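Biologist: I have the sequence and the model open side by side. Can we go through them together?
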Protein chains: 2
Amino acid sequence: MNQRVYNFSAGPSALPESVLMEASKDMLNYKGSGMSVMEMSHRSKVFEEIIQEAESLFRDLLGIHDRYKVLFLQGGASTQFSMIPMNLMTKTGKADYVDTGSWASKAIKEAKRYGNVNVLASSKDKTYSYIPELDPASFTKDADYFHITVNNTIYGTRFAPDLLPDTNGVPLVGDMSSNILSEVYDINKFGLIYAGAQKNMGPSGLTMVAIREDLVGQAMDLTPTMLNYKIHVDADSLYNTPPCYSIYIAMLIFRWLKNQGGVEAMEKTNKEKAALLYNYLDESSLFKATVEEKDRSLMNIPFVTGNDELDGAFVKESTAKGLVNLKGHRSVGGMRASIYNAMTMEGVETLVAFMKEFEAKNK
Amino acid sequence: MNQRVYNFSAGPSALPESVLMEASKDMLNYKGSGMSVMEMSHRSKVFEEIIQEAESLFRDLLGIHDRYKVLFLQGGASTQFSMIPMNLMTKTGKADYVDTGSWASKAIKEAKRYGNVNVLASSKDKTYSYIPELDPASFTKDADYFHITVNNTIYGTRFAPDLLPDTNGVPLVGDMSSNILSEVYDINKFGLIYAGAQKNMGPSGLTMVAIREDLVGQAMDLTPTMLNYKIHVDADSLYNTPPCYSIYIAMLIFRWLKNQGGVEAMEKTNKEKAALLYNYLDESSLFKATVEEKDRSLMNIPFVTGNDELDGAFVKESTAKGLVNLKGHRSVGGMRASIYNAMTMEGVETLVAFMKEFEAKNK
């Protein structure tokens with residue numbers, strides 16, 4: 001086998017090597033069942049144990065209260081952009097949104113098709129390089145919900161756990177696709193959280209949702225059955241065949257995360273990893289971070305040299321060294337290092353060492 | 001490693017062993033990329049090659065004309081039950097459906113929420129044990145489409161390739177979830193076909209759609225973005241992150257299928273496998289098939305003894321012998337052997353030998 005690379009992809013992204021090794025080993029015969037997890041009936045006892053353990057670990061890791069339902073769905077965050085208004089925007093038909101990037105914008109655009117959306121603030125003026133200040137006086141008092149994108153994958157900003165808006169009883173809805181399980185958030189402050197699995201939880205094709213019970217069961221009449229939370233709540237995510245193999249990998253990752261010490265321990269490591277990179281960026285005379293300090297993501301770290309040619313050379317040379325997927329998103333340019341839970345400290349150290357070397361050569 | 005079992009599950013179901021072996025081998029490092037297919041950006045060159053090869057093989061195996069778009073979607077056939085009316089029932093708002101089982105009924109129920117559904121015929125009177133005769137005079141001349149469930153997983157019936165209804169220009173829509181790629185159908189007779197992957201194409205979480213170009217782009221205004229075919233057509237199934245690993249396994253299965261000689265060769269083997277079981281059922285004095293001869297599925301074969309206690313004993317004893325998932329669906333009772341493409345002739349021979357033994361002991 002060739003060497004594995006350091007994969008800084010924004011998603012799908014690096015997974016823990018031990019998880020992949022276990023999945024590989026059990027591919028033809030999972031725990032003496034005589035079959036692969038891919039071949040199992042979703043109604044079988046052996047798969048039931050997998051989905052139940054996955055749910056239990058997910059609840060445990062995030063500290064999710066019993067009054068929430070946990071759902072294993074398909075369709076990615078993009079499907080949630082429709083499900084949320086179709087299921088929740090049904091009392092006053094109003095919702096507040098904060099525009100912190102492309103994904104937030106897409107969520108807003110979709111919600112506008114189903115009700116009255118109030119965009120409270122936007123950081124589009126500076127390429128979404130900060131989280132805008134919110135004025136509580138502008139919040140819609142009788143909104144059905146208040147939506148934020150907790151971490152912005154493309155721009156590298158986040159609502160820090162202590163800077164979540166106080167919505168005064170309006171259910172807070174959070175897209176945590178790119179930072180779920182990476183640092184401690186009080187999930188019970190939210191009415192609903194959702195996250196595509198393909199950053200911190202496993203392969204693409206699985207979307208995790210935790211929804212407070214009182215928000216279930218009020219969908220618009222026009223809601224497609226498969227986009228109605230109540231259908232999935234009533235069937236324990238087995239209304240139809242769920243993405244079984246992705247759920248299995250998620251279970252293995254949740255186990256791995258628990259063995260690492262849970263989200264608290266992960267947060268500590270993630271802060272160390274991020275600090276290593278940000279500290280270097282702040283002192284470098286070649287590279288600079290693009291995001292305001294207080295709003296910096298621990299997961300997605302964009303940086304630039306300010307010179308397109310140098311950026312291009314950096315991406316090319318880093319790739320040759322086995323540091324891959326560092327090219328920035330076209331809307332920000334430059335580079336972006338996505339350092340999710342599965343990225344090791346060693347990977348970040350190797351990146352910073354290479355950046356220093358590159359800087360020395362190009363100053 | 002313990003022995004692998006003969007897995008007669010209706011879905012998710014048995015996959016070719018060689019495919020699982022290859023997936024296992026490449027789990028940590030796909031073709032020198034230094035990463036698992038689960039860890040790859042869906043926008044990367046290496047994944048692009050996977051999805052393109054998968055599409056090309058799928059088109060090739062099914063003989064799909066260039067005027068069709070092939071889509072890799074999420075959400076299962078159940079999501080198609082909504083997508084089809086939301087996208088297609090938009091000219092006259094009328095559609096014809098044939099009720100041949102639970103899944104057909106669910107499709108009908110969902111379509112009724114979005115337009116005028118004419119249920120032309122039903123075989124519910126005899127537990128869906130046959131395909132009802134259709135009277136062309138009853139067809140809605142200006143229907144937007146005509147929907148059939150080509151193979152009925154639970155009841156074991158199918159519209160044989162030469163018995164597809166002649167819809168006189170109305171687009172025929174077919175749910176081929178449980179018999180796609182198992183025998184030769186002229187796909188170009190359909191306006192749209194769809195199939196969940198978890199029977200003949202791979203892991204659950206992937207849904208294949210082939211749609212004739214002229215049917216794309218007329219969705220109802222209320223259609224969620226992710227349920228609009230045009231969105232996925234315009235983005236070549238990469239509007240958002242697709243279920244990448246499932247697409248990779250599907251590609252490996254399509255390759256395997258091509259190496260077996262394609263759908264023609266598969267049909268030959270499937271007919272031999274089915275004949276072995278049906279012939280035995282027709283001559284047995286203990287077991288009997290539940291479906292009328294002309295409508296028998298090659299994929300799903302329900303059978304009963306007529307004695308619940310004996311049925312129970314059979315399921316228990318067969319399981320102990322490594323012949324698993326033979327319990328019938330609760331709505332038919334008895335047993336069901338799902339013998340998809342990946343079930344070997346040896347597997348069916350082993351089953352029939354065991355049935356003979358069981359019959360000898362219990363006559």
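Biologist: Leaving aside its neighbours within four places in sequence, which residues is Ser33(A) in contact with?

Modeller: Keeping in mind that this is a predicted model, Ser33(A) is in contact with Met40(A) in its own chain and with Val5(B) across in the other, once neighbours within four places in sequence are left aside.

Biologist: And where is Ser33(A) placed, and is it buried or exposed?

Modeller: Ser33(A) sits in the loop between α1 and α2 (45-62) of chain A, and with a relative accessibility of 19% it counts as buried. Its side chain also reaches the backbone oxygen of Met35(A), at 3.1 Å.

Biologist: OK, on to the interface. How many residues does each chain put into the contact?

Modeller: Chain A gives 62 residues and chain B gives 62 residues. Between them the two chains bury about 4,700 Å², and 56% of that area is on carbon and sulfur atoms. On the chain A side, Leu28(A), Met38(A) and Glu39(A) supply 15% of the area buried against chain B, which is more than any other three residues.

Biologist: How many salt bridges are there between chain A and chain B?

Modeller: The count is two. One of them joins Glu39(B) to Arg4(A), where the closest N and O atoms are 2.8 Å apart.

Biologist: What about polar contacts across the interface?

Modeller: There are 31 residue pairs in polar contact between chain A and chain B, counting pairs in which both residues are at pLDDT 80 or more. As for the elements involved, α1 (17-25), α3 (76-88), α4 (102-112) and α6 (244-259) of chain A each supply at least two residues of the side that touches chain B. The residues of that side divide into 27 nonpolar, 28 polar and seven charged.

Biologist: Switching to cysteines, how many disulfides does a search of the whole structure find?

Modeller: Zero, over all chains.

Biologist: Why is there no bond for Cys244(A)?

Modeller: The closest cysteine sulfur to that of Cys244(A) is in Cys244(B), and because the two are 18 Å apart, they are too far for a bond. Cys244(A) is also buried, with a relative accessible area of 1%, and Cys244(B) is likewise buried, with a relative accessible area of 1%.

Biologist: Let's look at Ile247(B). Where is it found, and what does it touch?

Modeller: Ile247(B) is in helix α6 (residues 244-259) of chain B, and at 0% relative accessibility it counts as buried. Leaving aside neighbours within four places in sequence, its contacts include Phe47(B), Ile50(B), Ile51(B), Ala54(B) and Phe72(B), as well as Leu206(B) and Pro242(B). Ile247(B) and Met208(B) are 39 residues apart in sequence, and their C-alpha atoms are 9.7 Å apart in space.

Biologist: Now the backbone. Is the peptide bond from Gly11(A) to Pro12(A) cis or trans?

Modeller: That bond is cis, with omega near -15°, and Pro12(A) is in the loop between β1 (6-7) and α1 of chain A. In chain B, the peptide bond from Gly11(B) to Pro12(B) is cis too, with omega near -15°.

Biologist: And what is phi for Thr127(B) and for Leu181(B)?

Modeller: Phi of Thr127(B) is near 45°, a positive value in a residue other than glycine; Thr127(B) lies in the loop between β4 (116-122) and β5 (145-149) of chain B and is partly exposed, at 41% relative accessibility. Leu181(B), which is not a glycine, has a positive phi of about 65°. Its place is in the loop between β8 (172-175) and β9 (192-196) of chain B, and Leu181(B) is buried, with a relative accessible area of 1%.

Note on methods. Residues are numbered from 1 along each chain as its sequence is written. Chains are lettered from A and ligands numbered from 1 in the order in which they are written. This is a predicted model: local features need pLDDT of at least 70, side-chain atom pairs count only at pLDDT 80 or more; totals for chains, interfaces and linings use all residues. Side-chain values use heavy atoms; hydrogens and water are left out. Contact means heavy atoms within 4.5 Å. Buried area is the accessible area (1.4 Å probe) that two parts lose on being put together, summed over both. A salt bridge is a side-chain nitrogen of Lys or Arg within 4 Å of a carboxyl oxygen of Asp or Glu. A polar contact is a pair of N or O atoms within 3.5 Å; within protein, one must be able to donate a hydrogen and the other to accept it, and residues adjacent in sequence count only if both atoms are side-chain atoms. Helices (H or I, at least four residues) and strands (E, at least two) are DSSP runs, numbered from the N terminus. Ala, Val, Leu, Ile, Met, Phe, Trp, Tyr, Cys and Pro count as nonpolar, Asp, Glu, Lys and Arg as charged, and the others, Gly among them, as polar. A disulfide is a pair of cysteine sulfur atoms within 2.5 Å. Buried means under 20% relative accessible area, exposed over 50%, partly exposed in between (1.4 Å probe, protein chains only).
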